[in-house]
Amino acid sequence: MRPAGTGPGLPEGKDRDLDRLLARVARGDEKAFASVYDQLAGPVYGLIRRVVRNPAQSEEVAQEVLLEVWRAASRFDPSKGTAVTWVMTIAHRRAVDRVRSAAAAAEREQRIAQPPAVGDDVAEAVEASLEQERVRRCLDGLTELQRESITLAYYGGYSYREVAGLLGSTLGTIKTRIRDGLIRMRDCMGVSW
Amino acid sequence: MKLARYDVHALTGAYAVNAIDDEFEREKFERHMHRCQQCAGEVRDLTETAGRMAFGVSRPPPPGMRDSVLSAVSRTRQLPPVVDHRKPRARHWWTGKLPMLSYSLATATVGVAIVLLISLIGTRHELDQVRARSAALAAVLSAGDSHAVTQTISSGGRVTLVYSLRKHAMIVTTHGLPAPPPGKVYQLWFIGPPTTRSAGLLPGSPAGRAGPVLSSGLARGDTIGITIEPAGGTRKPTTTPILLVVAHG
């Protein structure tokens, strides 16, 4: 099992605090929710913004996600993962749903025409924090193809097929790169379950 | 068999970052995960890792967002906990038809394929041929009226067409197309109101990845088709097309 509080992205012990906070949210505690908001709205919004790009749409999706965290808090199961990950999974899924919907076709072409470069965006992100530094340093430790694959898939919201198309690699190569890269990220950031 | 298993297993990373857009493939992987404890553990690990990666792009939300979320919260009833042991389907994935591959994505794919081709082929003669072909491919890709269409084939795999009516040409690439039955080939067609013409054969490949194949002779009003025909091809299609795409102007 995983030692408490070793997850990166949050100060020591904070992620288990969040698990407890979310349990209070499930019981209708609005103050607990405000506290969850204050800790997670930044990464939630940042991640969505990275995938969706359009600020107004990103805000809309972020609001939906945070409201969903409130609404579905009782469905969070701490035996399956941390609260942080539960929230980020909802955020990523909603962001990807938004960009993969047919309505976004035109915008999508734009996005594909200009695949994001992770370095730039990480640098341009306003909130410079230790967590950010750590993620960035770990990303720097990947091979180029691993980094590109993970960046396009996670921060770009592309499917691994699309990533293969963008990088001109086979599906098998991309699958492996994403997996190997994430394993390296896991080891670098010290995530264990 | 062993290869196939490994293949499914390698999807743990893509699954963790929500990068499997094919619902069938994702369900197949989920079924595999139920039987493979190691995979389930790895997915959990990698999902946690991905979740932490969000902190790498953290960004202060717009100023009014906190108030509007908190006020929406006070007006929103929460879901009751799940008491049933059956897991609710966590995701209602978008199941509409595959989006058209954008022109630029196709350009990137074919462009990289061209570069790879060039880098792989050593002899000068072949290189010259490839260069001429690359120029022809580039002409279609860069034509102002070029269109890109990606279609999923029901028997498996996907076909991407990039065509230009102005250049009277089409580029075909395939991905994951099953090998044709022994003694058969995939044949391309331009099916027009006046005539149906062969547009060449798709070279087979073990990985089902073929192309880019360049075919000329596309005319306005044509429908582009692919059929399975006896080796060497035929003059007219003899089987039901596995793909039909109307070449819009």
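Mentor: Let's start with one term: two strands pair when DSSP finds at least two bridges between them. Keep in mind that this whole model is predicted.

Trainee: Okay, how many bridges join β4 of chain B to β7 of chain B?

Mentor: Strand β4 (residues 184–191) and strand β7 (residues 223–230) of chain B are joined by 8 bridges, and the two run antiparallel. You can find one facing couple yourself: B:Val185 sits opposite B:Glu229 in β7(B).

Trainee: Which sheet has β4 and β7 in it, and in what order do the strands come?

Mentor: An open sheet of 4 strands in chain B, ordered β5-β4-β7-β8, with antiparallel pairing. At its edges are β5 (196–202) and β8 (243–246), each of which pairs on one side only. Going from one strand to the next, the twist averages 30 degrees.

Trainee: I see another sheet in chain B. What is the order of its strands?

Mentor: That open sheet also has its strands listed from edge to edge: β1-β2-β3-β6, 4 strands with antiparallel pairing. Its edge strands are β1 (147–152) and β6 (210–216), and each has a single partner strand, so one side of each is left without a neighbour in the sheet. Here the twist averages 15 degrees from one strand to the next.

Trainee: Over how many bridges do β1(B) and β2 pair?

Mentor: Over 6 bridges, in the antiparallel sense, with β2 covering residues 158–164 of chain B. Look for B:His147, which stands opposite B:Tyr163 in β2(B).

Trainee: Let me try a single residue in β2. Is B:Arg158 exposed or partly exposed?

Mentor: Buried needs 20 or more other C-beta atoms within 10 Å, and exposed means 12 or fewer. B:Arg158, in strand β2 of chain B, has 19 such atoms, so it counts as partly exposed. Setting aside residues within four places in sequence, its contacts include B:Thr150, B:Gln151, B:Thr174 and B:His175. Sequence distance can mislead you, too: B:Arg158 and B:Leu243 are 85 residues apart along the chain, while their C-alpha atoms are 9.9 Å apart in space.

Trainee: And the chain as a whole? How many helices and strands does chain B have?

Mentor: Chain B has 7 helices and 8 strands, whereas chain A has 10 helices and 0 strands. Buried residues are 33% of the 249 residues in chain B and 52% of the 193 residues in chain A. For contacts between residues at least 6 apart in sequence, the share joining residues at least 24 apart is 58% in chain B and 62% in chain A.

Trainee: Let's look at a helix in chain A, then. How far does α10 reach?

Mentor: Helix α10 of chain A (residues 171–189) has 19 residues and reaches 27 Å from its first C-alpha to its last, close to the 27 Å expected at 1.5 Å a residue. Right after α10(A) comes A:Gly190, with a positive phi near 70 degrees.

Trainee: Which residues of α10(A) are buried?

Mentor: A helix has 3.6 residues a turn, so residues three or four places apart point the same way. In α10(A), the buried residues include A:Leu171, A:Ile174, A:Ile178, A:Leu182, A:Met185 and A:Met189. The buried residues of this helix pack against α7 (130–140), α8 (144–155) and α9 (160–167) of chain A, and also against α2 (12–16) and α4 (37–53) of chain B.

Trainee: So how do I describe two packed helices, say α4(A) and α4(B)? At what angle do they pack?

Mentor: Use the angle between the axes and the distance between them. Helix α4 of chain A (residues 83–100) and α4(B) pack at about 75 degrees, with axes 8 Å apart. They are therefore roughly perpendicular to each other. Where they meet, A:Val84, A:Thr85, A:Met88 and A:Thr89 face B:Thr47, B:Glu48 and B:Gly51.

Trainee: Last one: which residues touch the most other members of the largest nonpolar core?

Mentor: A:Val44 and A:Ala153, out of 77 residues in that core. Its largest share, 12 residues, comes from helix α2 of chain A (residues 30–52). Apart from this core lies another, of 24 residues, with B:Ile171, B:Val172, B:Tyr186 and B:Ile191 among them. As for A:Ala153, beyond four places in sequence it touches A:Tyr158, A:Tyr160, A:Val163 and A:Ile178, plus B:Ala14, B:Val17 and B:Ala19 from chain B.

Technical notes:
Residues are numbered from 1 along each chain as its sequence is written. Chains are lettered from A and ligands numbered from 1 in the order in which they are written. This is a predicted model: local features need pLDDT of at least 70, side-chain atom pairs count only at pLDDT 80 or more; totals for chains, interfaces and linings use all residues. A nonpolar core is a set of buried Ala, Val, Leu, Ile, Met, Phe, Trp, Tyr and Cys residues joined through C-beta atoms within 7 Å. Two residues are in contact if their C-beta atoms, placed from the backbone, lie within 7 Å. The expected span of a helix is 1.5 Å times one less than its number of residues. Axes are lines fitted to C-alpha atoms, for helices over the stretch in contact, and angles run from 0 to 180 degrees between N-to-C directions. Angles under 35 degrees count as roughly parallel, over 145 as roughly antiparallel, 65 to 115 as roughly perpendicular and the rest as oblique.
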